[in-house]
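Colleague: I have the model open and want to walk through its fold with you. Where should we begin?

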Amino acid sequence: MPEAVIQTEKANLELMSGKSMLHILKDVTFKVAAGEVTAVVGPSGSGKTSLLMILGGLERATTGKVVVAGQDISTANEDQLAIFRRNNLGILFQNFQLIPSMTALENVALALEIAETGESFREIREHAAAALAEVGLGDRLTHLPSALSGGEQQRVALARAMVTSPKLMLADEPTGNLDQDTGALVIDLMFNLARKKGTAILLITHDRSLAAKADRMLTMNHGQLTETTKEAVPA
């Protein structure tokens, strides 16, 4: 059995909204193994993005345990969390989050510079160029984001997220701004890269046909996470 990259035990998240306390995540207990691709589906407001927030150390679980890449991040301080994210996480957003003044190559290289890999400037650029080639953008190295289509921008973002071979990729509706065919292409690239590098993925999506491509599917409803057989999920 591969080592668990994600392991939560009765994780709860409660946040104040005005004078009311909202119970957003309720006793969430699950594991994701190294290299496993897991999709989480569920209605808006069910707690899916909040789950990604606690797994990325951007929100702290109110109670329970959250262990990611072997580190109990439910007890980590801010400095420890920053190092944890740098060393273990790749994150893919719906709106790409590329730096508009940087070329595709520079956007990807920045992730390597932040990771402090010890590579030289030349090695970083070669590594970044290879990552872009892996997503089919070897001929777009010098293009700014404004000169790229939405699908190409998301592939640059994917290359940036995967260039450090993270232990875990968190993907929050990464196809939300793409048409169906382009979204399917990005998902296929992401899943293939993750399986090649041994990176676990937790994908949040509303698109059940994309979720069905994952190794495993979970459903979030009213803050509760349950296992879902793919056959039980309507197309």
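**A buried loop residue**

Modeller: Leaving aside neighbours within four places in sequence, Thr103 is in contact with Leu141, Thr142, His143 and Leu144. Bear in mind that this is a predicted model.

Colleague: Is Thr103 buried or exposed?

Modeller: Thr103 lies in the loop between β6 and α3 (104–115). Buried means under 20% relative accessible area. Thr103 has a relative accessible area of 14%, so the verdict is buried.

**Helix α2**

Colleague: Which residues of helix α2 (residues 78–88) are buried?

Modeller: Residues three or four places apart in an α-helix point the same way, because there are 3.6 residues a turn. On the other side of α2 from the buried residues, Glu78 and Asp79 are exposed. The buried residues of α2 are Leu81, Phe84 and Asn88.

Colleague: How many degrees of arc around the axis do the buried residues cover?

Modeller: Leu81, Phe84 and Asn88 are the buried residues of α2. They sit on the same side of the helix, because the arc they cover is only 60 degrees.

Colleague: What do the buried residues of α2 pack against?

Modeller: Take Asn88, which is in helix α2. Beyond four places in sequence, Asn88 is in contact with Ala69, Pro166, Lys167 and Leu168. For the buried residues of α2, the packing partners are α1 (48–55), β4 (63–68), β5 (71–72), β6 (89–92) and β7 (168–172).

Colleague: What is the relative accessibility of Asn88?

Modeller: The cut-off for buried is under 20%. Asn88 counts as buried because its relative accessibility is 9%.

Colleague: Which residue has a side-chain oxygen within 3.2 Å of the backbone nitrogen of Asp79?

Modeller: Look at the start of α2. There a side-chain oxygen reaches to within 3.2 Å of that nitrogen, and its owner is Asn77.

**The antiparallel sheet**

Colleague: In what order do the 4 strands of the antiparallel open sheet run?

Modeller: Start at the edges: β2 (20–33) and β5 each pair on one side only. β1 (4–17) pairs with β4 over 5 bridges, in the antiparallel sense. The order is β2-β1-β4-β5.

Colleague: How many bridges join β1 to β2?

Modeller: These two strands form a hairpin with 2 residues between them, and Gly18 in the turn has a positive phi of about 65 degrees. Met16 has Met21 as its bridge partner in β2. The strands run antiparallel, and the bridges joining them number 10.

Colleague: What is the C-alpha separation of Ile24 and Glu14?

Modeller: Ile24 is found in strand β2. Among its contacts beyond four places in sequence are Leu13 and Leu15. Ile24 and Glu14 are 10 residues apart along the chain, and their C-alpha atoms are separated by 5.7 Å.

Colleague: At what angle does α1 run to β2?

Modeller: α1 lies across β1, β2 and β4. Its angle to β2 is about 65 degrees.

**The mixed sheet**

Colleague: Which strands stand at the edges of the 6-strand sheet?

Modeller: This open sheet has the order β6-β7-β8-β3-β9-β10, with mixed pairing. Each edge strand has a single partner, so one side is left without a neighbour in the sheet: the two are β6 and β10 (224–228).

Colleague: Which residue in β9 stands opposite Ala39?

Modeller: β3 and strand β9 (residues 216–221) run parallel, joined by 4 bridges. Opposite Ala39 stands Met217.

Colleague: What angle does the direction of α5 make with that of β6?

Modeller: α5 packs on this sheet and touches β6 and β7. Its direction makes an angle with that of β6 of about 170 degrees.

**The cores**

Colleague: Which element gives the most residues to the largest nonpolar core?

Modeller: That core has 43 residues, and Leu158 and Met190 have the most contacts inside it. Several elements give two or more residues, including β3 (37–41), α4 (121–134) and α5 (150–162). The element that gives the most, with 8 residues, is α6.

Colleague: Which residues does Leu158 touch beyond four places in sequence?

Modeller: Nonpolar side chains tend to be buried together in soluble globular proteins. Leu158 touches Leu92, Val135, Met169, Val186, Leu189, Met190 and Leu193.

Methods
Residues are numbered from 1 along each chain as its sequence is written. This is a predicted model: local features need pLDDT of at least 70, side-chain atom pairs count only at pLDDT 80 or more; totals for chains, interfaces and linings use all residues. Side-chain values use heavy atoms; hydrogens and water are left out. Buried means under 20% relative accessible area, exposed over 50%, partly exposed in between (1.4 Å probe, protein chains only). The arc is that of the directions from the helix axis to the C-beta atoms. Contact means heavy atoms within 4.5 Å. A polar contact is a pair of N or O atoms within 3.5 Å; within protein, one must be able to donate a hydrogen and the other to accept it, and residues adjacent in sequence count only if both atoms are side-chain atoms. Two strands pair if DSSP finds at least two bridges between them. Axes are lines fitted to C-alpha atoms, for helices over the stretch in contact, and angles run from 0 to 180 degrees between N-to-C directions. A nonpolar core is a set of buried Ala, Val, Leu, Ile, Met, Phe, Trp, Tyr and Cys residues joined through side-chain atoms within 4.5 Å.
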